[in-house]
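Reader: Hello! Could you take me through the salt bridges of this model, one pair at a time, and then place them within the chain as a whole?

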Amino acid sequence: MHRPVIAPTPDSPASQAVGLDLDGTLAQDHGWQGGRIGLPQPGAMDALRLLARHRAVFIYTARPRRWLPEVADWITWYSGIAAFVDPSPDRAYWTIVGGPILVTSTKLGAAAYVDDRAVHHAGDWTDTLAIVSRAIGLDRAGVLVPA
(Lines give C-alpha, C1' and ligand atoms only; values in the text may rest on other atoms or scores of the structure.)
Protein backbone atom coordinates (compact mmCIF):
# COMPACT_ATOMS: atom_id res chain seq x y z
CA MET A 1 0.00 0.00 0.00
CA HIS A 2 1.39 3.40 -0.94
CA ARG A 3 0.85 6.31 1.37
CA PRO A 4 -0.38 9.61 -0.07
CA VAL A 5 1.94 12.58 -0.40
CA ILE A 6 1.68 14.70 2.71
CA ALA A 7 1.94 18.30 1.59
CA PRO A 8 3.05 20.88 4.14
CA THR A 9 0.12 23.03 5.19
CA PRO A 10 -0.03 25.93 7.67
CA ASP A 11 -2.91 24.33 9.59
CA SER A 12 -0.95 21.09 10.17
CA PRO A 13 2.42 21.66 11.85
CA ALA A 14 3.16 17.91 11.75
CA SER A 15 2.95 18.00 7.94
CA GLN A 16 5.92 20.34 7.83
CA ALA A 17 8.49 18.04 9.44
CA VAL A 18 10.50 14.88 8.89
CA GLY A 19 11.93 13.00 11.86
CA LEU A 20 15.19 11.08 11.49
CA ASP A 21 16.55 8.54 13.97
CA LEU A 22 20.25 8.81 14.81
CA ASP A 23 21.84 5.43 15.57
CA GLY A 24 21.55 2.92 12.76
CA THR A 25 19.84 5.45 10.48
CA LEU A 26 21.99 8.58 10.14
CA ALA A 27 24.98 7.13 12.00
CA GLN A 28 26.47 3.67 11.70
CA ASP A 29 25.55 1.67 14.78
CA HIS A 30 28.30 -0.48 16.31
CA GLY A 31 26.71 -0.84 19.75
CA TRP A 32 26.94 1.57 22.66
CA GLN A 33 30.77 1.94 22.82
CA GLY A 34 30.59 4.43 25.69
CA GLY A 35 28.26 6.74 23.79
CA ARG A 36 30.54 7.26 20.78
CA ILE A 37 28.53 8.10 17.66
CA GLY A 38 29.50 6.13 14.56
CA LEU A 39 30.41 7.64 11.22
CA PRO A 40 27.55 8.77 8.97
CA GLN A 41 25.76 6.08 6.98
CA PRO A 42 26.64 6.39 3.28
CA GLY A 43 24.36 8.98 1.71
CA ALA A 44 22.85 10.06 5.05
CA MET A 45 24.17 13.63 5.09
CA ASP A 46 23.19 14.26 1.46
CA ALA A 47 19.70 13.00 2.30
CA LEU A 48 19.52 15.16 5.43
CA ARG A 49 20.56 18.27 3.50
CA LEU A 50 18.00 17.56 0.75
CA LEU A 51 15.20 16.99 3.26
CA ALA A 52 16.15 20.15 5.19
CA ARG A 53 15.74 22.23 2.02
CA HIS A 54 12.09 21.15 1.78
CA ARG A 55 10.89 20.35 5.31
CA ALA A 56 11.72 21.04 8.92
CA VAL A 57 14.03 18.24 10.08
CA PHE A 58 14.48 16.96 13.59
CA ILE A 59 16.71 14.20 14.87
CA TYR A 60 15.26 11.97 17.55
CA THR A 61 17.27 9.55 19.62
CA ALA A 62 16.76 7.29 22.62
CA ARG A 63 20.13 8.43 23.98
CA PRO A 64 19.94 10.00 27.45
CA ARG A 65 19.43 13.78 27.38
CA ARG A 66 23.00 14.44 28.57
CA TRP A 67 24.26 13.04 25.22
CA LEU A 68 22.11 15.34 23.06
CA PRO A 69 24.69 18.18 22.82
CA GLU A 70 27.17 15.67 21.37
CA VAL A 71 24.51 14.58 18.86
CA ALA A 72 23.90 18.20 17.85
CA ASP A 73 27.64 18.78 17.38
CA TRP A 74 27.89 15.58 15.30
CA ILE A 75 25.00 16.68 13.06
CA THR A 76 26.51 20.14 12.56
CA TRP A 77 29.99 18.74 11.87
CA TYR A 78 28.94 16.18 9.28
CA SER A 79 26.00 17.98 7.62
CA GLY A 80 27.18 21.58 7.69
CA ILE A 81 23.74 22.60 9.02
CA ALA A 82 23.52 24.11 12.50
CA ALA A 83 21.87 21.78 15.01
CA PHE A 84 20.84 22.41 18.58
CA VAL A 85 19.30 20.53 21.50
CA ASP A 86 15.59 21.06 22.02
CA PRO A 87 15.22 23.30 25.09
CA SER A 88 11.46 22.69 25.39
CA PRO A 89 10.22 19.53 27.14
CA ASP A 90 6.68 20.38 25.99
CA ARG A 91 7.40 20.77 22.27
CA ALA A 92 5.04 18.87 19.98
CA TYR A 93 6.24 20.08 16.55
CA TRP A 94 9.25 21.48 14.69
CA THR A 95 8.44 23.70 11.72
CA ILE A 96 11.58 25.61 10.68
CA VAL A 97 12.49 24.62 7.12
CA GLY A 98 16.11 24.96 5.99
CA GLY A 99 17.64 24.60 9.43
CA PRO A 100 18.62 24.63 12.10
CA ILE A 101 18.16 20.94 12.83
CA LEU A 102 16.45 20.19 16.13
CA VAL A 103 17.89 17.36 18.25
CA THR A 104 15.46 15.78 20.68
CA SER A 105 14.70 12.65 22.64
CA THR A 106 11.01 13.12 21.81
CA LYS A 107 9.27 11.80 18.73
CA LEU A 108 7.52 14.94 17.51
CA GLY A 109 4.67 15.22 15.03
CA ALA A 110 5.91 14.66 11.47
CA ALA A 111 4.84 13.84 7.94
CA ALA A 112 7.36 10.98 7.94
CA TYR A 113 9.83 9.21 10.21
CA VAL A 114 12.99 7.40 9.14
CA ASP A 115 14.13 4.78 11.64
CA ASP A 116 16.13 1.56 11.26
CA ARG A 117 13.90 -0.28 13.74
CA ALA A 118 10.55 0.90 12.44
CA VAL A 119 7.79 -1.32 11.10
CA HIS A 120 5.42 0.34 8.68
CA HIS A 121 1.80 -0.14 9.71
CA ALA A 122 -0.48 0.12 6.66
CA GLY A 123 -3.72 -0.51 8.53
CA ASP A 124 -3.62 -4.33 8.75
CA TRP A 125 -2.64 -5.51 12.22
CA THR A 126 -2.31 -9.12 11.06
CA ASP A 127 0.54 -8.13 8.73
CA THR A 128 2.09 -5.71 11.22
CA LEU A 129 1.99 -8.21 14.10
CA ALA A 130 3.61 -10.87 11.90
CA ILE A 131 6.53 -8.55 11.11
CA VAL A 132 6.98 -7.43 14.73
CA SER A 133 6.67 -11.02 15.99
CA ARG A 134 9.45 -12.17 13.66
CA ALA A 135 11.62 -9.21 14.73
CA ILE A 136 11.32 -10.08 18.42
CA GLY A 137 11.46 -13.86 18.00
CA LEU A 138 7.86 -15.00 18.45
CA ASP A 139 6.31 -17.82 16.44
CA ARG A 140 2.71 -17.75 15.13
CA ALA A 141 1.37 -18.96 18.48
CA GLY A 142 3.12 -16.14 20.36
CA VAL A 143 5.83 -18.37 21.79
CA LEU A 144 9.47 -17.22 21.92
CA VAL A 145 11.61 -19.03 19.39
CA PRO A 146 15.12 -19.88 20.64
CA ALA A 147 17.75 -17.69 19.03
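Author: Happy to. A short definition helps before we begin: a residue counts as buried under 20% relative accessible area, as exposed over 50%, and as partly exposed in between. Please keep in mind that this is a predicted model.

Let me start with Arg49, where that scale is put to use. Its relative accessibility is 27%, so Arg49 falls in the partly exposed class. The side chain of Arg49 meets that of Asp46 in a salt bridge, with 2.7 Å from N to O. Asp46 has a relative accessibility of 52% and therefore counts as exposed. Why are these two about one helical turn from each other? Because Arg49 and Asp46 are three residues apart in helix α1.

This pair has company, as the structure holds three salt bridges. Another one joins the side chains of Asp23 and Arg63, at 2.9 Å from N to O. Here the partners come from distant parts of the chain, 40 residues apart. Asp23 sits in the loop between β1 (17-21) and α1 (44-54), while Arg63 sits in the loop between β2 (56-60) and α2. Are these two side chains buried or exposed? Asp23 has a relative accessible area of 19%, so it counts as buried. Arg63 is buried too, with a relative accessibility of 5%.

The remaining pair is Arg91 and Asp86, whose closest N and O atoms are 2.8 Å apart. Asp86 is buried, with a relative accessible area of 2%. Arg91, in turn, is partly exposed, at 23%.

Now to the chain around these pairs. Its secondary structure consists of three helices and five strands, and the order from the N terminus is β-α-β-α-β-β-β-α. The C-alpha atoms fill a box of roughly 50 × 40 × 30 Å along the principal axes. The protein chain has 147 residues, and 35% of them count as buried. Contacts across the sequence can be described as well: among those between residues at least 6 apart, 62% join residues at least 24 apart.

Since you asked about salt bridges, the overall charges belong here too. There are 13 positive and 14 negative side chains in the protein chain. The centres of these two sets lie 2 Å apart.

The surface offers a contrast in topic. About 9,000 Å² of the protein chain is accessible, and 59% of that belongs to carbon and sulfur atoms. Which residues form a nonpolar patch on the surface? They are Leu39, Trp77 and Tyr78, with about 380 Å² of accessible area together. One of them, Trp77, is found in helix α2, which spans residues 68-79. Trp77 has a relative accessible area of 69% and so counts as exposed.

One backbone detail may interest you as a computational chemist. The peptide bond from Gly99 to Pro100 is cis, and its omega is near 5 degrees. Pro100 lies in the loop between β3 (83-85) and β4 (101-104).

To return to your request, the pairs to look up in the viewer are Arg49 with Asp46, Asp23 with Arg63, and Arg91 with Asp86.

Methods
Residues numbered from 1 in each chain as written. Predicted model: local features only at pLDDT ≥ 70, side-chain atom pairs only at ≥ 80, totals over all residues. Heavy atoms only, no water. Patch = residues over 30% accessible without salt bridge, like charges linked within 9 Å, V, L, I, M, F, W, Y side chains within 5 Å. Areas by Shrake-Rupley, 256 points an atom, 1.4 Å probe, with all protein chains shown as cover. Salt bridge = Lys/Arg side-chain N within 4 Å of Asp/Glu carboxyl O. Helix = DSSP H or I, 4+ residues; strand = E, 2+ residues; numbered from the N terminus. Buried < 20%, exposed > 50% of the residue type's maximum accessible area, 1.4 Å probe, protein only. Contact = heavy atoms within 4.5 Å. Lys, Arg positive; Asp, Glu negative; His and termini not counted. Charge placed at Lys NZ, Arg CZ, Asp CG, Glu CD.
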